[in-house]
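Reader: I keep meeting words like "buried" and "polar contact". Could you show me how they get applied?

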Amino acid sequence: MATGVWLVGARGSVAATSIAGAAAIRAGLAEPTGCVTELPQLQVASLPPLGDLVFGGHDVADTPLAKKADALAAAGVVPARLVAAVAGELAAADAEIRPAPTAATQREAAALVAADITDFRDRHRLERVVVVNVASTEPLVQPHPAHADLDALEDQLGRSAPVLPPSSLYAYAAFTAGCSHVDFTPSTGARLPALAELARRRGLPHAGHDGKTGETLVKSVLAPMFAMRNLRVRTWSGTNLLGGGDGANLADPGPNAAKASSKQRVLAETLGYEPQGHTRIEYVDDIGDFKTAWDLVTFTGFLGTAMRMEFSWHGCDSALAAPLVLDLARLTAAAHRAGRSGPLTELAFFFKDPIDSGALGGKVPHGLVEQWAALAAFARGLGDA
Ligand SMILES: NC(=O)c1ccc[n+]([C@@H]2O[C@H](COP(=O)([O-])OP(=O)(O)OC[C@H]3O[C@@H](n4cnc5c(N)ncnc54)[C@H](O)[C@@H]3O)[C@@H](O)[C@H]2O)c1
């Protein structure tokens, strides 16, 4: 039986690249480069094959997927010949994208979201559906007492004033529809105690959050190096320039703050202290989906000798993110099938700000090598379930 991937933000760059990429790989027109689940260490029989993923989703935009994919091809994100070759698959996925529902209360809106997902699962006779949030980043959420208690939340959802940000409402709807959930964004999503409780009660796994694809990925390799060599990092300052829809959204101070705090966490976690410096995010329209990060690291060694390193990273955001979205969908579906529930801390490898479930002794690894070991052990544990 096939597995459904329900993308919240299904008409965005990451979503369109994921859908086009899965179709191109299935047709044998592209290699699965960048998909870590295709590495021998992670290949276990319980992972749904890439070719068995069926896509649908919600979006507030109505640009057809084919048009979005053409724009990505024109920007050099995906090859134009592949977009043309998978036009049929893009049209099929486009027909499965529903407008984000609106209703008088959030309870009604969540029921409409859940009904769309259930209808998708039933019509395609899917074994299960993984809901993946790849929608625009939201500002940090205003705390509300109902976020801490599922019964209080259920009560508040029936009132006219919204209590959840959209990302969390989608997570709530996913869980009520019996689906696992992945948050690829820094938005609040399922990261509220009331929603964690809902996932636990329903026996559903969830993973997040904020996909690690660029500057933070490099930091998660370099910071443990400084720590292991007992070199004292004094400053770590980074400037990220990005365009595209994500860049335009992050020009807004609210989402920008959510993203920047998620990007700096790896340093305190891996070094054990916070060096000076900040991560800045700036929108540069002209560079589209290609992101540039410049980082300056100053550090001291033996007898206090001052040294420095600098790096620059030029990455194509959606091309880096899309294979991870496919990996996360496959791994989370396999975890659901294996009866795992609650936060999947072992998927920390994929995230800037991974969720802690206590599964790894209450310590979430932030260094990439440790995260890789946890991921490989997790995949072996799923085995042939
Ligand atoms: N590309 C990367 O490397 C990377 C890494 C980590 C995280 N992310 C996150 O992934 C997300 C998607 O990035 P992108 O480049 O595809 O952005 P994008 O702007 O191209 O796409 C976002 C999509 O979300 C839709 N959307 C907005 N609000 C919505 C709502 N309430 N319901 C449904 N859909 C909604 C928009 O209409 C748009 O189609 C962003 O939050 C970004 O921060 C991306």
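Author: Here is how the terms work for the ligand and the residues around it. This is a predicted model, where local features need pLDDT of at least 70 and side-chain atom pairs count only at pLDDT 80 or more, while totals for chains, interfaces and linings use all residues. Residues are numbered from 1 along each chain as its sequence is written, and side-chain values use heavy atoms, with hydrogens and water left out.

Reader: What makes the pair between the ligand and threonine 137 a polar contact?

Author: A polar contact is a pair of N or O atoms within 3.5 Å; within protein, one must be able to donate a hydrogen and the other to accept it, and residues adjacent in sequence count only if both atoms are side-chain atoms. An oxygen atom of the ligand sits 2.8 Å from an N or O atom in the threonine 137 side chain, so the pair qualifies.

Reader: Which ligand atom pairs with the side chain of tyrosine 170?

Author: A nitrogen atom, 2.8 Å from an N or O atom of that side chain.

Reader: Why is H7 called mostly covered?

Author: Helices (H or I, at least four residues) are DSSP runs, numbered from the N terminus. Buried means under 20% relative accessible area, with a 1.4 Å probe and protein chains only. Nine of the 11 residues in H7 are buried, among them Tyr170 and Phe175, so they fall under that cut-off.

Reader: What comes just after H7?

Author: Glycine 178, with a positive phi of about 80°.

Conventions. Buried means under 20% relative accessible area, exposed over 50%, partly exposed in between (1.4 Å probe, protein chains only). Helices (H or I, at least four residues) and strands (E, at least two) are DSSP runs, numbered from the N terminus.
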